[in-house]
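This explanation leads the reader through a predicted model. The discussion turns to the ligand and its surroundings, and then to the backbone.

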Amino acid sequence: MEFYLYKSNSLRGEITIPPDKSMSHRAVMFNSLAAGKAKISNFLMGEDCLSTISVLKKLGSKIDIDSAQNVITYGQGMNSLKEPKEILNVGNSGTTIRLMSGVLAGRRFRSVLDGDESIRRRPMGRVVKPLKMMGANINAKNNNENAPIEFRGGELKNIDYDMPVASAQLKSALILAGLRSKDGITINQPALSRDHTERLLGFMGATIKTKGLKIQVKPSNINGVDVVIPGDISSASYWLVAGCIHKNADLTIKNVGINETRSGIISVLNRMGANIKMSNKLDYSGEPVCDINISTSNLKATIISGEEIPLLIDEIPIIALAAVFAEGETKISDAEELRYKESDRISLTVEWMRKAGAEIEELKDGMIIQGNGKITGGKFSSHGDHRLAMTLGIASLISENPIEIENPEVSNVSYPKFWETLKIIGN
Ligand code: S3P
């Protein structure tokens, strides 16, 4: 499929963003391993989260979707899963394969996790290595570095582990394995990353203690809890940047999850001088939520590095677009992790932006952008990456000439109604 997109004269209205992807995965996974029935409201019916449901069902979990699109789980406890009859296909979902690795490690049956081309290229050694140290029998392709990953039993024991990267997926896999191990796990993080796993499992009764960057997990059983999922700040980020860089914009985004381990983009845009107003602060199952208003802003360049990176890792492609419209030089560094996402988001962001007229330099661990205010248009591929497709969609709203996008429908991974909303808002 290809889309041809044109500049819009104004950007106005109220936007309801899709439910949070990270929290949807966790809510259905943890409730399937808990004791008792639970209802998950506002679950993200995107391809990635549906992959998690399909994998859990192949492992014997009973999960229904009711007429109001609530997900109903009937958890039978931590040890309720059974040997699957087929390979567990995670599609494009890194969160599914990494978190489920922690769930399947040390189970007394054989299972295999696999996914699409992009999943098979992504690093899995970071998860396989510590799980093997805990005692799990695991074999993965390319010297335990890539999917498919095969699990065959083992006894999980305690380790005290220094994580080599600030990854919430790795941290969550280890926490999940720790819950079922003989005597728990201690995890030392190099920097904070999203903490939805710690919050939700704590809420469900697991023994998890966090002190600074150290997490201690004790073997625990968990209870099913009803969860309401907030809107995904990563999906809101497209409209936040659109609102700042468009010359005639005033947008209100409803119900955005603003957990501080996810809201790095708000701190960055505030620092750049964005007109952001937050209102209606609420709490959804232990997660902070609010409405955000954003309007046309005069942005200034900034520096983004170090511990701020994991707090906005998925938003860097769209922040790079904001930087094109900010006065001065923006530098993003310490973000090499971006090369290991659904695509190499550093080189592909630099490639499309340069082709579109922006002044951008590639670094090994980031990029430097001169705010020349120029996106001239052209034909680009999403390279099968949902976040690149949506960044191109936002670029079309301000581009001098039309933007043509190949394979835009990949946005369904995290934002099923993105193009519909773009059409309505940008009219
Ligand atoms: C996620 C964690 C991040 C993020 C991904 C979702 C999660 O990945 O990029 O989109 O739900 O835990 P890493 O943990 O690999 O940084």
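An oxygen atom of the ligand lies 2.8 Å from an N or O atom in the side chain of serine 167. Lysine 341 likewise places a polar side-chain atom 2.7 Å from a ligand oxygen. For threonine 95, the distance from a side-chain N or O atom to an oxygen atom of the ligand is 3.4 Å. Taken alone, the ligand exposes 380 Å², and the protein buries 95% of that area.

These three residues belong to a wider shell around the ligand, which also includes Ser22, Arg26, Arg98, Ala168, Gln169, Arg194, Ile313 and Asp314. Sorted by class, the shell has five charged residues, four polar residues and two nonpolar residues. Three helices each supply at least two residues of this shell: helix 1, spanning residues 21-32, helix 3, spanning residues 94-104, and helix 7, spanning residues 168-179.

Where does the ligand sit? The ligand occupies the largest pocket of the model. With respect to the domains, the ligand lies between domain 1 and domain 2, because both give residues to the shell around it. Domain 1 is made up of two segments, 2-18 and 231-425, whereas domain 2 covers residues 21-217.

Two features of the backbone also deserve attention. As a general background, most peptide bonds are trans, and most residues other than glycine have a negative phi. Against this background, the peptide bond that joins alanine 147 and proline 148 is cis, with an omega of about 0°. Proline 148 is part of strand 9, which comprises residues 146-154.

The second feature concerns asparagine 42, a residue other than glycine whose phi has a positive value, near 60°. Asparagine 42 is found in a loop. On one side of this loop is strand 3, residues 35-41, and on the other is helix 2, residues 47-58.

Definitions and conventions:
Residues are numbered from 1 along each chain as its sequence is written. This is a predicted model: local features need pLDDT of at least 70, side-chain atom pairs count only at pLDDT 80 or more; totals for chains, interfaces and linings use all residues. Side-chain values use heavy atoms; hydrogens and water are left out. A residue is near a molecule or strand if one of its heavy atoms lies within 4 Å of it. A polar contact is a pair of N or O atoms within 3.5 Å; within protein, one must be able to donate a hydrogen and the other to accept it, and residues adjacent in sequence count only if both atoms are side-chain atoms. Accessible areas come from the Shrake-Rupley method with a 1.4 Å probe; for residues, only the protein chains shown count as cover. On a 1 Å grid over the protein atoms alone, a cavity is a set of points where a 1.4 Å probe fits but cannot get out, and a pocket is an open set with protein on both sides within 12 Å along at least five of seven lines; lining residues have an atom within 4 Å of a point. A molecule sits in a cavity or pocket if more than half of its atoms lie within 2 Å of its grid points. Helices (H or I, at least four residues) and strands (E, at least two) are DSSP runs, numbered from the N terminus. Ala, Val, Leu, Ile, Met, Phe, Trp, Tyr, Cys and Pro count as nonpolar, Asp, Glu, Lys and Arg as charged, and the others, Gly among them, as polar. Domain bounds come from an automatic or database domain assignment.
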